[in-house]
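Q: Please take a close look at one part of this chain and set it in the context of the whole.

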Amino acid sequence: MADKIKIILIKPPQKTLEIQPPLGLGYVASSVKDLADVAIIDAIKEKFDVNEIIGKLKNKKFDIIGFQCY
């Protein structure tokens with residue numbers, strides 16, 4: 001069997017005082033978990049800025065990068 005594809009799903013940083021779990025990203029991740037290795041970055045919870053996210057992306061090679069947006 002071929003290697004699973006690697007997916008990263010990102011909730012980008014934004015100015016807010018509320019921390020809510022990225023449920024939509026969780027739903028996407030759970031629906032493809034049998035086909036892919038999936039990771040989620042919640043930049044608000046982790047207090048990551050854009051440069052820290054870019055650093056995480058450079059460290060590993062992902063086949064798909066998804067962003068939560070409204």
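Where is the place of glutamine 68, is glutamine 68 buried or exposed, and with which residues is it in contact, leaving aside its neighbours within four places in sequence?

A: In this predicted model, glutamine 68 lies in the segment that follows strand 3 (64-67). Its relative accessible area is 17%, and because buried means under 20%, glutamine 68 counts as buried. Once its neighbours within four places in sequence are left aside, glutamine 68 is in contact with Ile10, Lys11, Pro12, Pro22 and Leu25.

Two of these partners lead on to the nonpolar cores. Ile10 belongs to the largest one, whose six residues also include Ile8, Ile41, Ala43, Phe48 and Ile53. Alanine 43, with neighbours within four places in sequence again left aside, is in contact with Lys11, Pro12, Pro13, Phe48 and Ile53. Apart from this core lies another of five residues, among them Ile7, Leu9, Leu25 and Ala36.

Leucine 17, by contrast, is placed in the loop between strand 1 (5-11) and helix 1 (23-32), and leucine 17 is exposed, because its relative accessible area of 88% is over 50%. The C-alpha atom of leucine 17 is separated by 29 Å from that of isoleucine 64, which is 47 residues apart from it along the chain.

As for the whole protein, three helices and three strands run in the order β-α-β-α-α-β from the N terminus, and buried residues make up 24% of its 70 residues. Among contacts between residues at least 6 apart in sequence, 74% join residues at least 24 apart.

Definitions and conventions:
Residues are numbered from 1 along each chain as its sequence is written. This is a predicted model: local features need pLDDT of at least 70, side-chain atom pairs count only at pLDDT 80 or more; totals for chains, interfaces and linings use all residues. Side-chain values use heavy atoms; hydrogens and water are left out. Helices (H or I, at least four residues) and strands (E, at least two) are DSSP runs, numbered from the N terminus. Buried means under 20% relative accessible area, exposed over 50%, partly exposed in between (1.4 Å probe, protein chains only). Contact means heavy atoms within 4.5 Å. A nonpolar core is a set of buried Ala, Val, Leu, Ile, Met, Phe, Trp, Tyr and Cys residues joined through side-chain atoms within 4.5 Å.
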